[in-house]
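Biologist: Thanks for sitting down with me to look at this one. Could you bring it up so that we can go through it together?

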Amino acid sequence: MAIIFGGITKGFSKNFITGISALKSDLQASTYEIHDIKWKSFKGGIQIHKNLPYLLTDLFTIDESDTKLVLISGAIYNQEELIENLNIKLKKITPAELILYLYQKFGEEFVSKLNGDFAIVIYDTAKNVLLFYRDHVGIKPLAYTTIDGDSFFYSDPIGLCKALYNQEGVDKNYLLKWLIGGNEMYHILPNNKVKKINPGHFIRISDKDITETKYWFPEKIKIDKSLTIDTVKSEISALLQKAVRTRADKRFFASAHLSGGLDSSIVASLAKKEYAQQKDFYGFSWSSAEMGTENISFDERQLVKDTCKLTGIKEVPFSISTDDYKEYENDWRIATYLYEEVKTRKDAQKLGVNLIFSGWGGDEFISINNRGIDADLFFNLQWAALLKKNQTYNPFRLAKKLLINLFIPAFYKEMYFGNTENFSIEKYFKLSRSEKKKFNDGSMTYKSRQEVHLKLLNENHLADRAEDWAVNGARKGIEYRYPLLDKDIIEFMLKVPSRLLYKDGYSRILLREISEGILPESVRCHRSKFDQVKFAGEKKLFDAYCKDVIRNSKMMEENQMLNFVDFKLLFKDTLEAIEESSENYASTHCRTVLYVKKMDSFIEGYNQKRN
């Protein structure tokens with residue numbers, strides 16, 4: 001994506017000019033082209049990485065009456081449909097010009113007609129309003145702040161905090177996100193004066209006030225009980241192919257994430273077909289290429305090879321070193337736990353790839369597993385279907401399944417059976433009572449599948465990863481596309497009855513059915529989501545690096561912002577956990593030490609005056 005930045009002022013004061021200069025300084029790099037824009041009370045611009053094919057005219061325009069400015073970061077996927085349906089006569093229209101046309105014709109609510117991944121800024125001097133729009137799911141980030149009547153915005157929320165409020169230090173709550181997790185922490189930034197625009201919303205700033213308006217209402221979509229499995233499969237297949245096709249911008253050199261799972265495999269396979277004329281189409285896996293098969297009951301890497309063989313995708317083996325992981329830890333801008341993508345971006349850059357298709361979002365909608373399905377069948381009195389889905393008439397086995405998949409999520413929270421080691425956050429971190437209340441296990445309550453879908457949207461579970469990859473990908477000249485998070489697919493899945501989402505004991509049935517002939521049978525029939533090779537490789541990497549962090553922890557322990565950490569006890573128990581563990585995945589103790597190290601790296605990088 002292109003990164004947009006700027007501000008609106010009443011008088012071009014020294015503080016305003018300093019603020020804009022700080023935003024621009026945050027972007028300085030030899031691989032970027034920064035296009036400065038100064039128009040009336042607006043000053044800012046667009047940063048485009050030299051590896052990305054965007055033109056300034058794609059992303060910026062001013063109307064003929066010289067009263068409206070439009071900036072856009074991202075892409076509109078239904079642009080051709082809009083042009084045709086609106087009978088636009090122009091021979092060629094850029095995304096920015098289309099946004100301007102729609103705004104002039106339909107007003108501030110024009111955004112409801114779009115399907116895309118976008119952040120949009122409109123400055124209308126005739127109405128004296130500044131408008132910030134963010135796409136439905138939150139794929140492209142945008143944040144803003146106001147200082148003494150001036151408004152600033154930036155595609156990078158963390159960068160906006162650093163550029164304008166660096167001298168105020170880091171909000172401790174932002175550091176605690178690494179320990180607490182949970183989607184209720186999504187909006188917390190290093191400085192609370194900076195605000196993210198919510199997905200599916202727009203912000204209106206005028207002389208009188210600042211208002212937020214919701215423009216997307218997926219909660220109003222009702223289950224369509226008349227749908228049949230054949231209709232659903234046909235519609236989903238068409239929507240998915242369209243979602244991939246409309247994202248397949250041939251100006252890019254594209255590739256895809258590729259695991260042994262259904263989501264990434266079908267997205268990668270369909271994207272490969274769209275880029276049939278491209279010499280090589282790469283598949284980036286996260287399963288460690290160096291790991292052997294000792295103590296591994298199933299090697300998911302074979303599924304990747306099966307897909308590559310059938311589709312002609314060229315596999316890129318995943319090989320990550322301690323130095324690669326240090327690069328992740330030391331990059332203060334990276335705000336997710338997904339260290340693997342730092343290495344993927346590095347491999348993509350070496351191969352000349354500037355667009356990566358991802359299967360992210362499948363589990364949340366099109367290929368949802370069990371979450372909420374048993375509840376729908378039970379509470380809708382579809383008990384015969386419930387028995388068929390769970391493939392048991394044994395009352396004890398059925399009761400256990402219903403307890404885990406229905407009653408606990410409905411009346412308490414989801415229960416996970418995985419790493420059950422004894423670990424207590426409160427043992428190692430001195431926190432106030434209010435801070436302790438924020439801790440949770442990342443699970444949620446639900447009484448229906450639709451409630452699961454909506455909570456995952458409303459709690460910004462999807463946006464958290466997407467916006468981090470958008471910003472850090474843009475800085476490396478890499479764009480991400482997520483066909484499974486297409487707005488039309490999400491809206492259709494909210495209509496589908498749960499009785500159509502299982503078959504013969506198999507869940508995630510839609511992708512299994514529509515991928516026949518597209519994916520190898522080994523991938524179509526594989527059920528497990530646990531990649532043993534990936535987690536075994538991760539343990540080997542983490543254990544060695546964690547010991548190194550503990551050995552060289554003096555400066556980290558002297559960091560006054562981390563004075564709430566009991567380093568001595570945490571390190572002692574972590575070393576014991578590493579030596580005693582016989583599992584093929586990293587211990588929670590080890591991960592926690594690395595999260596604390598990530599906090600330390602963030603503080604150091606954020607507090608630097610320059611990049």
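Modeller: Happy to. Keep in mind that this is a predicted model. Let us begin with Ser264, which is found in helix α8 (residues 262-274).

Biologist: Is Ser264 buried or exposed?

Modeller: The cut-off for buried is under 20% relative accessible area. Ser264 has 10% relative accessibility, so this residue counts as buried.

Biologist: Which backbone nitrogen does the side chain of Ser264 reach?

Modeller: Leaving aside neighbours within four places in sequence, Ser264 is in contact with His257, Leu258, Ser259 and Gly359. One of these contacts involves a backbone nitrogen, which the side chain of Ser264 reaches at 2.9 Å. That nitrogen belongs to Ser259.

Biologist: Now for α22, please. What span should the helix have at 1.5 Å a residue, and how far apart are its end C-alpha atoms?

Modeller: Helix α22 covers residues 532-551, which makes 20 residues. The expected span takes 1.5 Å times one less than the number of residues, so α22 should span 28 Å. The model agrees with that, as the end C-alpha atoms are apart by 29 Å.

Biologist: How many residues of α22 are buried, and which residue has a side-chain oxygen at the start of the helix?

Modeller: The helix is mostly covered, with 14 of its 20 residues buried. At its start, a side-chain oxygen comes to within 3.3 Å of the backbone nitrogen of Val533. The residue that supplies this oxygen is Asp531.

Biologist: On to charged pairs. How many salt bridges are there?

Modeller: A pair counts when a side-chain nitrogen of Lys or Arg is within 4 Å of a carboxyl oxygen of Asp or Glu. By this rule the count comes to 44.

Biologist: How many residues apart in sequence are the parts tied together by Glu467 and Arg134?

Modeller: The side chains of Glu467 and Arg134 form a salt bridge at 2.7 Å, N to O. Glu467 lies in helix α18 (residues 461-474) and Arg134 in strand β7 (residues 129-134), so the pair ties together parts of the chain whose separation in sequence is 333 residues.

Biologist: What are the relative accessible areas of Glu467 and Arg134?

Modeller: Both values fit the buried class, which is under 20%. Glu467 is buried at 8%, and Arg134 is buried at 0%.

Biologist: Which residues join Asp156 and Arg333 in one network of salt bridges?

Modeller: Glu513 and Lys503 make a useful first stop: their salt bridge has its closest N and O atoms 3.4 Å apart. Glu513 is in helix α20 (residues 509-514) and Lys503 in the loop between α19 (487-493) and α20, so this pair ties together parts 10 residues apart in sequence. As for your network, salt bridges that share partners join Asp156 and Arg333 with Asp26 and Arg475.

Biologist: And where does the largest share of the nonpolar surface patch come from?

Modeller: The patch is formed by Phe379, Leu403, Phe407 and Phe411, with about 390 Å² of accessible area together. Phe379 is found in helix α12 (residues 373-379), and at 38% relative accessibility it counts as partly exposed. The largest share, three residues, comes from helix α14 (residues 395-411).

How values were computed: Residues are numbered from 1 along each chain as its sequence is written. This is a predicted model: local features need pLDDT of at least 70, side-chain atom pairs count only at pLDDT 80 or more; totals for chains, interfaces and linings use all residues. Side-chain values use heavy atoms; hydrogens and water are left out. Helices (H or I, at least four residues) and strands (E, at least two) are DSSP runs, numbered from the N terminus. Buried means under 20% relative accessible area, exposed over 50%, partly exposed in between (1.4 Å probe, protein chains only). A polar contact is a pair of N or O atoms within 3.5 Å; within protein, one must be able to donate a hydrogen and the other to accept it, and residues adjacent in sequence count only if both atoms are side-chain atoms. Contact means heavy atoms within 4.5 Å. Patches are made of residues with over 30% relative accessible area and no salt bridge: like charges are joined within 9 Å, nonpolar side chains (Val, Leu, Ile, Met, Phe, Trp, Tyr) within 5 Å. Accessible areas come from the Shrake-Rupley method with a 1.4 Å probe; for residues, only the protein chains shown count as cover.
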